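The following exercises are to be worked through with the sequence and the coordinates at hand. Each task is followed by a solution in steps.

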Amino acid sequence: MKIAIVCYPTFGGSGVVATELGISLANRGHEVHFVTYRQPVRLELLNNSIYFHEVHVPEYPLFHYQPYELALSSKLVDTIKLYEIDLLHVHYAIPHAYAGYMAKKMLEEEGIYVPMVTTLHGTDITLVGKHPFYKPAVNFSINQSDIVTSVSESLKQGTLEIFDIQKEIEVIPNFIDKSKYKNSFTDCQRSTMAKEGERIITHISNFRKVKRIPDVIKVFNKIQKQLPAKLIMVGEGPEKEGAERLCEDLGIANKVIFLGNSNEIDKILCFSDLFLLPSQTESFGLAALEAMINKVPVISSNTGGIPEVNIQGVTGFLSDIGNIDEMVENAIFILKDKKTLEEFKNNSVKEAEKFDILKVLPLYEEVYERAYKSRFKNV
Ligand code: GMT
């Protein structure tokens, strides 16, 4: 099948899911066309089954806001016609489902029918999408999608509560490519980051408010008072500067390493002992799953879809949002001795394997088949 994928090209989250999905689809013989404003971060290989089409938004002094949706929908129309695309898969409703719908309608005027699958990722619903300024347009474009999927049961329920959805929402969880991690535990360069006997704790995110970055620092601060530890903070975002200041104020700046955005997440996770994810909301928690497949247990909040990934007392522990003391207590429980840590590490990788792409990809392919067949009802 020829599939056009629309996503954000950025680090983490929906962009990574869309990119990894596209790469795997191409490996299974599909032709995949990414349409977005920059080459997606994890998309290194372009070949005759993976294409990238850049959306340009020309500057014009009259525009206070540059009309990205307009440029995207025009690019979609051109790409779909030129490459005879069979199906459009948009990741993150805003503004992708809206632009996709416009492209669909423009193509229908020319007698071309392209089904659209929309995957809801989280903040497109729980934070941004429900804002009154966006809600009617988001509601409309979800309902106009041919098939709607959500990355967790929790996000599905949240979407049904917030919006007036006439469509069925199908849950297809996020995934991980287990084969990529098979040999990754042999070449960990742990000694470059911490001394012998020090535990390495990691947090990876886009450093937005929703991630509760100060909680990460406060939890770590209390842990390092009880056992030797280092904290590795990976990512960039608005909360980073405040986090660096908080580390200085707490006198732990020498124990916290800020690495910025990284393409070497696996290397970092390879030598990590614990992952912290105390988010305010999280539709799934892909970062936690990436940690788990790298044998890293998770201390998280019990919000949104995280309990569908991090299993209480098995792969880590979950606490109420902001319950720092309980998170510290649980972290110490996991880290205090080698045997317990090893048990949680092994459980984590076992649980993560349930989300292997080989199990999840066929679910998307089945959705594509169904959406594709729907074209016959619509032409
Ligand atoms: O984590 C973020 O804030 C980025 C955001 C995105 O869409 O790029 O992530 C959302 O989608 C991810 C992939 O489906 C989920 O794993 C994250 O839990 C979700 N983030 C939130 O719900 C806050």
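**Exercise 1. Determine the surroundings of Asn139 in this predicted model.**

Solution.
Step 1. Setting aside residues up to four places away in sequence, Asn139 touches Phe163, Asp164 and Ile165.
Step 2. Asn139 belongs to helix 5, which runs over residues 135-144.
Step 3. The relative accessible area of Asn139 is 16%; because the cut-off for buried is under 20%, Asn139 is classed as buried.
Step 4. Asn139 shares this state with Val138, Ser141, Ile142 and Asn143 of helix 5.
Step 5. The buried residues of helix 5 pack against helix 3 (93-109), strand 5 (116-120), helix 4 (123-126), strand 6 (147-150) and helix 6 (153-162).
Step 6. As a distance check, the C-alpha atoms of Asn139 and Ile125 are 9.6 Å apart, with a separation of 14 residues in sequence.

**Exercise 2. Classify Ser24 and Asn27 as buried or exposed.**

Solution.
Step 1. Ser24 is found in helix 1, residues 13-27, and Asn27 is also placed in helix 1.
Step 2. Ser24 has a relative accessible area of 12% and is therefore buried.
Step 3. Asn27 has a relative accessible area of 66%; since exposed requires over 50%, Asn27 is exposed.
Step 4. Apart from neighbours within four places in sequence, Ser24 is in contact with Ile357 and Leu361.
Step 5. For Asn27, the C-alpha distance to Ile50 is 9.4 Å, and the two residues are 23 apart along the chain.

**Exercise 3. Locate the backbone features at Pro95, Glu84 and Arg212.**

Solution.
Step 1. The peptide bond from Ile94 to Pro95 is cis, with omega near -10°, and Pro95 lies in helix 3.
Step 2. Glu84, although not a glycine, has a positive phi of about 50°.
Step 3. Glu84 sits in the loop between helix 2 (68-82) and strand 4 (87-91), and it is exposed at a relative accessible area of 59%.
Step 4. Arg212, likewise a residue other than glycine, has a positive phi near 50°.
Step 5. Arg212 is in the loop between strand 8 (199-204) and helix 7 (213-224); its relative accessible area is 23%, and Arg212 is partly exposed.

**Exercise 4. Describe the two annotated regions by their secondary structure content.**

Solution.
Step 1. An unreviewed UniProt entry annotates residues 11-179 as "domain: Glycosyltransferase subfamily 4-like N-terminal".
Step 2. Over residues 11-179 the chain is 42% helix and 17% strand, with end C-alpha atoms 21 Å apart.
Step 3. The unreviewed entry also annotates residues 192-348 as "domain: Glycosyl transferase family".
Step 4. Over residues 192-348 the content is 38% helix and 18% strand, and the end C-alpha atoms are 24 Å apart.

**Exercise 5. Assess how compact the protein chain is.**

Solution.
Step 1. The protein chain contains 13 helices and 13 strands.
Step 2. Its radius of gyration is 21 Å, close to the 21 Å from the globule rule for 379 residues, so the chain is as compact as a globular protein of that length.
Step 3. The C-alpha trace spans about 70 × 45 × 35 Å along its principal axes.
Step 4. Buried residues account for 54% of the 379 residues.
Step 5. Of the contacts between residues at least 6 apart in sequence, 69% join residues at least 24 apart.
Step 6. The protein chain exposes about 17,000 Å², of which carbon and sulfur atoms supply 51%.
Step 7. The mean positions of the 42 positive and 49 negative charges are 3 Å apart.

Technical notes:
Residues are numbered from 1 along each chain as its sequence is written. This is a predicted model: local features need pLDDT of at least 70, side-chain atom pairs count only at pLDDT 80 or more; totals for chains, interfaces and linings use all residues. Side-chain values use heavy atoms; hydrogens and water are left out. UniProt positions are given in the numbering used here, feature names are shortened, and annotations may be inferred rather than shown by experiment. Helices (H or I, at least four residues) and strands (E, at least two) are DSSP runs, numbered from the N terminus. Buried means under 20% relative accessible area, exposed over 50%, partly exposed in between (1.4 Å probe, protein chains only). Contact means heavy atoms within 4.5 Å. The radius of gyration is taken over C-alpha atoms; the globule rule is 2.2 Å times the number of residues to the power 0.38. Accessible areas come from the Shrake-Rupley method with a 1.4 Å probe; for residues, only the protein chains shown count as cover. Lys and Arg count as positive and Asp and Glu as negative; His and the chain ends are not counted. The place of a charge is taken as NZ of Lys, CZ of Arg, CG of Asp or CD of Glu.
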